[in-house]
Amino acid sequence: MADTGNGSAPGAALVAALADRLVLEPSRTALITVDCHRGHLDPEVATMPVEASTAAGVVSTVARLCGFAREHGIPVVHVILETLTLHG
């Protein structure tokens, strides 16, 4: 990463500016997770596995995010995408 001269990663100022303006209204907000299931994130059974350390990081982060949402009354919706062919 290029040095921005202020000791932070590129884009850090943009992220900070967005965070300052982010307002979550629980009555108008939902958390949607996509494909956060064992079929992708459990190296033992995954059909499309990622590295175990990557999967562990994703599971931990998603768990924290879901916990935050639930603590604040924000609905959590889990989605699993499927692709079906014309013939089923």
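**A buried aspartate without a salt bridge**

In this predicted model, Asp35 is buried (under 20% relative accessible area, 1.4 Å probe, protein chains only), yet Asp35 has no salt bridge, meaning a side-chain nitrogen of Lys or Arg within 4 Å of a carboxyl oxygen of Asp or Glu. The nearest side chain of opposite charge belongs to Arg38, and that's 14 Å away. For charges, Lys and Arg count as positive and Asp and Glu as negative, while His and the chain ends are not counted.

So what does the side chain of Asp35 reach at 3.0 Å? The partner is the backbone nitrogen of Leu81. Asp35 sits in the loop between strand 1 (31-34) and helix 2 (38-41); helices (H or I, at least four residues) and strands (E, at least two) are DSSP runs numbered from the N terminus. Setting aside neighbours within four places in sequence, Asp35 is in contact (heavy atoms within 4.5 Å) with His40, Leu41, Val79, Ile80 and Leu81.

Leu81 turns up again in a nonpolar surface patch, together with Ile32, Val34 and Val77. Such a patch takes residues with over 30% relative accessible area and no salt bridge, with nonpolar side chains joined within 5 Å. These residues share about 360 Å² of accessible area, worked out by the Shrake-Rupley method with a 1.4 Å probe. Ile32, in strand 1, counts as exposed (over 50%) because its relative accessibility is 53%.

Zooming out, the elements run α-β-α-α-β from the N terminus, and 14% of the 88 residues count as buried.

Residues are numbered from 1 along each chain as its sequence is written. Local features need pLDDT of at least 70, side-chain atom pairs count only at pLDDT 80 or more, totals for chains, interfaces and linings use all residues, and side-chain values use heavy atoms, leaving out hydrogens and water.

Notes
A polar contact is a pair of N or O atoms within 3.5 Å; within protein, one must be able to donate a hydrogen and the other to accept it, and residues adjacent in sequence count only if both atoms are side-chain atoms. Patches are made of residues with over 30% relative accessible area and no salt bridge: like charges are joined within 9 Å, nonpolar side chains (Val, Leu, Ile, Met, Phe, Trp, Tyr) within 5 Å.
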